[in-house]
Amino acid sequence: MPTICWFRRDLRLSDHPALVAAVAEARAAGDEVVALYVVDPALWRAAGTPRLAYLAASLRSLDEATGGRLVVRHGRADRVVPAVARQVGASSVHVSAATEPYGRRRDEAVEAALDVPLVRTGCPYAVAPGRLRTGQGGPYQVFTPFRGAWLDHGWHEPAPRPRDVPWAALASDGLPDAPATDVTLPPAGERAARERWHAFVREDLAGYDVDRNRPDLDVTSWMSVHLKHGEIHPRTLLADLADAGRGARGPLADSVATYRSELAWREFHADVLWHHPAAARTSLREVVPQDAWATGPPADRAFAAWTDGRTGYPLVDAGMRQLRAQGWVHNRVRMVVASFLVKDLHLPWQRGAAHFMEWLVDGDVPQNQLNWQWVAGTGRDAAPYFRVFNPVTQARKFDPDGTYVRRWVPELRDVPDRAVHEPWTLPGGLPAGYPERVVDHAHEREVALADHARRAR
Ligand SMILES: Cc1cc2nc3c(=O)[nH]c(=O)nc-3n(C[C@H](O)[C@H](O)[C@H](O)COP(=O)(O)OP(=O)(O)OC[C@H]3O[C@@H](n4cnc5c(N)ncnc54)[C@H](O)[C@@H]3O)c2cc1C
C-alpha cells in the first residue's frame, strides 16, 4: 500500500520528519509515496495576491524537486484527501501538524473523513506549540521565561533528507497559475531558502546583533518568507546557528544568541495562539474604551493615507510603500507603521493586520496578529500602551542618513541630510508631490494616552 505525504506549509524535502515517516512506511511495504498538495479554496481566497504568487512559485519548485510528481488537487481538504487516499488505497496520510486555528479544525475534519490514519509528525516549529508549561502547569504569558524554557527544552537535530524517494505518478490538476502582481517577489523554493540562509550566515550574521534594527542596511535574513511556507525549518537554522556559535565570542556570539531569540519570538507567538485561538481576531486585553477608535469617513481617509504611504511622515510612508513594492517590510519599520495606525490614527489593530495579510509574502496568522497585538499593547506580553513610537526619532535613530526613506519615497530623494525625516521644516516648504502630515504626532500621542487613562479609571 502506498502512503501519502500531504504538503501544506512545509514545501521542502530536507529536514521534513513527516516525509521521512511517509517514505519509511511506504518502503517497508515495498510501495510508493504520493506527494499531495491541496488547493483549498478557503485558504486560497484568504491569501493576498503577492503571497499566492509566491506560493505558486514555491509549488513549482517542490514539483521540480519531486521530479514532476507533485499531485495537485483543488477542493476542500476533507473531501479531496480522503478521495485520493481511497483512489490509491493508501495505508496512511502523513502531515506536519497544523497548529493554527483554521489548520487544526481542517485536520480534525480530514481525520474524521479518512478511513486510514492521519499521522502527524513534527510541525513548523522547533518546539511544538502547547508543549511548554509553567511550573503551575499553565501556558506561558511572558516571553522571557518562555524563551528560557524553550532553550532548556531544546529540539531535535534536523531530519535527514530521504534519498531516491519512490514518488508515485498520479494524475494532477496541474500547478496553480501565479496571479499577476506588481510586487517584486524574492526567489521561492527550498533551494532559494537555503541559498539565502547560507549567504546570510556568511555575510551578515556576525553583525546581526548590532545592525538588525537598521532598515537602511537591509542585512536581516528574510527567512520569515521561507519559514512561512516551510521551505526551511527553524531546526535547520538553529543547528547552523549552533555550529556558527561554537567557540565564538564577542559580536558573533551575541549575534547567534540574538537570532536564536528572534526565532523564540516566532515560537512564543505560535504558543500563545495555540492556547488562545481567538487572539487571531480579538484583543487579548482591551486597552482603550470602545469610543476611542476613529470611525466613519475621517477614519477611512486616514486609513487610505496609511495604506498608500501618504501620511506625511517619511518613515511611515517608506514602510507602507515598501510593503506594496516587495510584500515585505523591515521589522523596525513594521513596528513604527503599526504604532502609527493604532496610536496616531486611532484605528483598531485588526484593520492594519488585515492590510498586512493582504500584502505580506510572509503573512502568517500567529506572527502577524500577535505582533500587531504587541504593538497595540493588547497582547499577552505586549509593549505597554503608553509606549508610542515616535516616527521622527525612530527614523533619526535607525535610518540615520535617510537612505531607507529616499529609497522608497522618491519625492524626498533630493532633500538634504536629516531634513528628510522632517520635510515640513524645509525653508522652501514640502518638496513637490509630498503630502502634508495627516495628523500631528505629538497631539495624537496625548490623545492616545488620555484614552488609555480613561479606560484605566
Ligand atoms: C506589525 C508586525 C507584523 C508582523 N507580521 C509578520 C508576519 O506576518 N509574518 C512573519 O513571519 N513575521 C511578522 N512580523 C515579525 C517580523 O517583522 C518579521 O518576522 C521579520 O521582519 C522578518 O524579516 P527577517 O526574516 O529578515 O528577520 P530577521 O531579523 O532575520 O529574523 C529572523 C527570524 O526571526 C523571526 N522573527 C524576527 N522578529 C520577529 C518578531 N517580531 N516576531 C516573530 N518572529 C520574529 C522570524 O522568523 C525571522 O525570519 C511582524 C512584525 C510586526 C511588528
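How far is a nitrogen atom of the ligand from an N or O atom in the side chain of Glu262? In this predicted model, the separation is 3.0 Å, and the close-ups below begin there.

**Figure 1. Polar side chains meet nitrogen atoms of the ligand at Glu262, Asn368 and Asn371.** The side chain of Glu262 places an N or O atom 3.0 Å from a ligand nitrogen. For Asn371, a polar side-chain atom lies 3.0 Å from a nitrogen atom of the ligand, and for Asn368 the corresponding value is 3.2 Å. On its own the ligand has 830 Å² of accessible area, and the protein covers 96% of it.

**Figure 2. A shell of 28 residues lies around the ligand.** Take a look at Tyr208, Thr220, Ser221, Trp222 and Asn331, which come nearest to the ligand. By class, the shell holds 14 nonpolar, 9 polar and 5 charged residues.

**Figure 3. Helices 9, 11, 14 and 16 each give at least two residues to the ligand shell.** Here you can trace helix 9 (223–228), helix 11 (250–275), helix 14 (331–344) and helix 16 (365–376). The most is given by helix 11, which supplies 6 residues. Seen by domain, the shell takes at least three residues from domain 2 (190–275) and at least three from domain 3 (290–456).

**Figure 4. Helix 13 packs against helix 15 at an angle of about 35°.** The axes of helix 13 (residues 314–326) and helix 15 (residues 349–359) are 9 Å apart. On the helix 13 side, the contact is made by Met320, Leu323 and Arg324, and these meet His355, Phe356 and Trp359 of helix 15. Sorted by class, this contact has 4 nonpolar, 1 polar and 1 charged residues.

**Figure 5. Domain 1 and domain 3 have centres 38 Å apart, taken over C-alpha atoms.** To help you find your way, the domain assignment of the protein gives domain 1 as 3–123, domain 2 as 190–275 and domain 3 as 290–456. In the contact between domain 1 and domain 3, 7 residues come from domain 1 and 8 residues from domain 3.

**Figure 6. Trp44 sits in helix 2 (residues 41–46).** Leaving aside residues up to four places away in sequence, Trp44 touches Tyr37, Val39, Leu52, Leu55 and Pro176. His74 is 30 residues from Trp44 along the chain, and the C-alpha atoms of these two residues are separated by 10 Å.

Conventions. Residues numbered from 1 in each chain as written. Predicted model: local features only at pLDDT ≥ 70, side-chain atom pairs only at ≥ 80, totals over all residues. Heavy atoms only, no water. Near = heavy atom within 4 Å. Polar contact = N/O pair within 3.5 Å; in protein donor to acceptor, adjacent residues only side chain to side chain. Areas by Shrake-Rupley, 256 points an atom, 1.4 Å probe, with all protein chains shown as cover. Helix = DSSP H or I, 4+ residues; strand = E, 2+ residues; numbered from the N terminus. Nonpolar A, V, L, I, M, F, W, Y, C, P; charged D, E, K, R; others polar. Domains from an automatic or database assignment. Axes fitted to C-alpha atoms, helices over the stretch in contact; angles between N-to-C directions. Contact = heavy atoms within 4.5 Å.
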